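Reader: I would like a close look at a single part of this model, taken slowly and with its surroundings described as you go. Please start from one side chain and work outwards from there.

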Amino acid sequence: IEQAKMRLANHPVETIVVSGTYGKSSVKEFLSQMIAIKHRIGKTEKNMNTAVGIALSILKNLRDDTEYFVGEVGGYKRGEVAEACAVLGDSIDCAVITSFGNQHLSLYKNRSNLIHTESEVLDYLNDPSSVLYIQLDAHLEPVFQNEIQTRASCRMITYSASAQADIQAHSALTTHQGSQATVTYGDRRIHIKTHLLGIHSIENLLPVIGWCVDHGYTNYEIEEGIAKISAIEGKLSIHRGIGGSTVLNDSSNSSENGFLSALATLALFPQSQKVVIGSGIIELGSEKEAAYKRITQSLNDVSIAYITHDRL
């Protein structure tokens, strides 16, 4: 950690931090690909989002000509996101909060702890010119509104694929071949088409589009860049299976919202026989049974079989 801080001190960069209970790895990867169109970048490796993981990524990926660093931060208890952000310190001038779902709730003990922890990035956005892109539902959480937002000094920009927000997706359409939407932000209207699957992929692209608009990208650069973004393996990536089958790999997802989105995406495929195989969702605590009831209802609605070793 000390070596990483020294590297940052000698080679200052602008850092964008991505926090939230789900979607942050996707946002990190999408943003990194878009920034790389025009700038030299570094980023955290895979899901290495703790203080040590971030430090290792800085030592490996921060070079003399790096202009931007994209860092995913995570935690399971109060103070851990702040600890991860502290490695990046004063280099942070922008952040994204993707969501406040119920992932890892059993470790956080309660929802208030979850929201406070994932919002610790705000402590590093001390300049009024710094920016937080935040998913609309997360922004509207009472805990965030009443206990967190009041101490923030940064500019906040909301985004949503389903409701009115600063950055908003309209006429979103998703098929088994990809997704498209019209995105509005200020006076900009951007038409995007992507090979990424699922409505949640559109939503994960919105803070990326916001950052690009705010940093001078043209509509053409944004549209062309998004069209070239590749799927992340294990996040609704498509593979050829045995016997001519199609495998939709979502094994890197572990949230209820992601599970439901994956089922909705699977239902779009033309094959008549569909099966979900998985280990269930861990760390939901007291909300696990209710979450499984919602998942089971969704499985029933689309007539998809589910094979799991989770007894509940």
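Author: In this predicted model, Lys 38 lies over the face of Tyr 217, at 4.6 Å from the ring centre. The side chain of Lys 38 also meets that of Glu 221 in a salt bridge, with 3.6 Å from N to O. This second pair links distant parts of the chain, since Lys 38 belongs to the loop between α2 and β2 while Glu 221 sits in helix α10 (residues 219–228), 183 residues apart. Lys 38 counts as partly exposed because its relative accessibility is 37%, and Glu 221, at 25%, also counts as partly exposed.

The ring of Tyr 217 leads on to other aromatic residues, for ring pairs link Tyr 68, Trp 211 and Tyr 217 into a cluster. A search of the whole structure finds 4 aromatic pairs, and one of them is formed by Tyr 68 and Trp 211, which meet edge-to-face at 5.3 Å centre to centre with 85 degrees between the planes. That pair, too, links distant parts of the chain, with Tyr 68 in strand β3 (residues 68–72), Trp 211 in helix α9 (residues 199–214), and the two positions 143 residues apart. Tyr 68 counts as buried because its relative accessibility is 9%, and Trp 211 counts as buried at 1%.

Strand β3, which holds Tyr 68, is part of an open sheet of 9 strands, whose order is β2-β3-β1-β4-β5-β6-β7-β8-β9 and whose pairing is mixed. At the edges stand β2 (41–43) and β9 (188–194), each of which has a single partner strand, so one side of each is left without a neighbour in the sheet. Neighbouring strands of this sheet are turned against each other by 15 degrees on average, direction ignored. Helix α2 (residues 24–35) packs on the sheet, where it touches β1 (14–19), β2, β3 and β4 (92–97), and its direction makes about 170 degrees with that of β3.

The loop that carries Lys 38 runs between α2 and β2, and a further salt bridge joins these two elements directly. It is formed by the side chains of Glu 29 and Lys 43, at 2.6 Å from N to O, with Glu 29 in helix α2 and Lys 43 in strand β2, 14 residues apart. Glu 29 counts as buried because its relative accessibility is 15%, whereas Lys 43, at 27%, counts as partly exposed.

Beyond β2, the side chains of Glu 45 and Lys 60 meet in another salt bridge, at 3.3 Å from N to O. Glu 45 lies in the loop between β2 and α3 (51–61) and Lys 60 in helix α3, so this pair ties together parts that are 15 residues apart in sequence. Glu 45 is partly exposed, with a relative accessible area of 22%, while Lys 60 counts as exposed at 52%. Salt bridges that share partners also join Lys 28, Glu 29, Lys 43 and Glu 72 into one network. In total, the structure holds 10 salt bridges.

To return to the starting point, Lys 38 takes part in two contacts described here, one over the face of Tyr 217 and one with Glu 221, and from Tyr 217 the ring pairs continue to Tyr 68 and Trp 211.

How values were computed:
Residues numbered from 1 in each chain as written. Predicted model: local features only at pLDDT ≥ 70, side-chain atom pairs only at ≥ 80, totals over all residues. Heavy atoms only, no water. Phe/Tyr/Trp six-rings, centres within 6.5 Å; stacked < 30°, edge-to-face > 60°. Helix = DSSP H or I, 4+ residues; strand = E, 2+ residues; numbered from the N terminus. Buried < 20%, exposed > 50% of the residue type's maximum accessible area, 1.4 Å probe, protein only. Lys NZ or Arg CZ within 6 Å of the ring centre and 35° of its normal. Pairing = 2+ DSSP bridges. Axes fitted to C-alpha atoms, helices over the stretch in contact; angles between N-to-C directions. Contact = heavy atoms within 4.5 Å. Salt bridge = Lys/Arg side-chain N within 4 Å of Asp/Glu carboxyl O.
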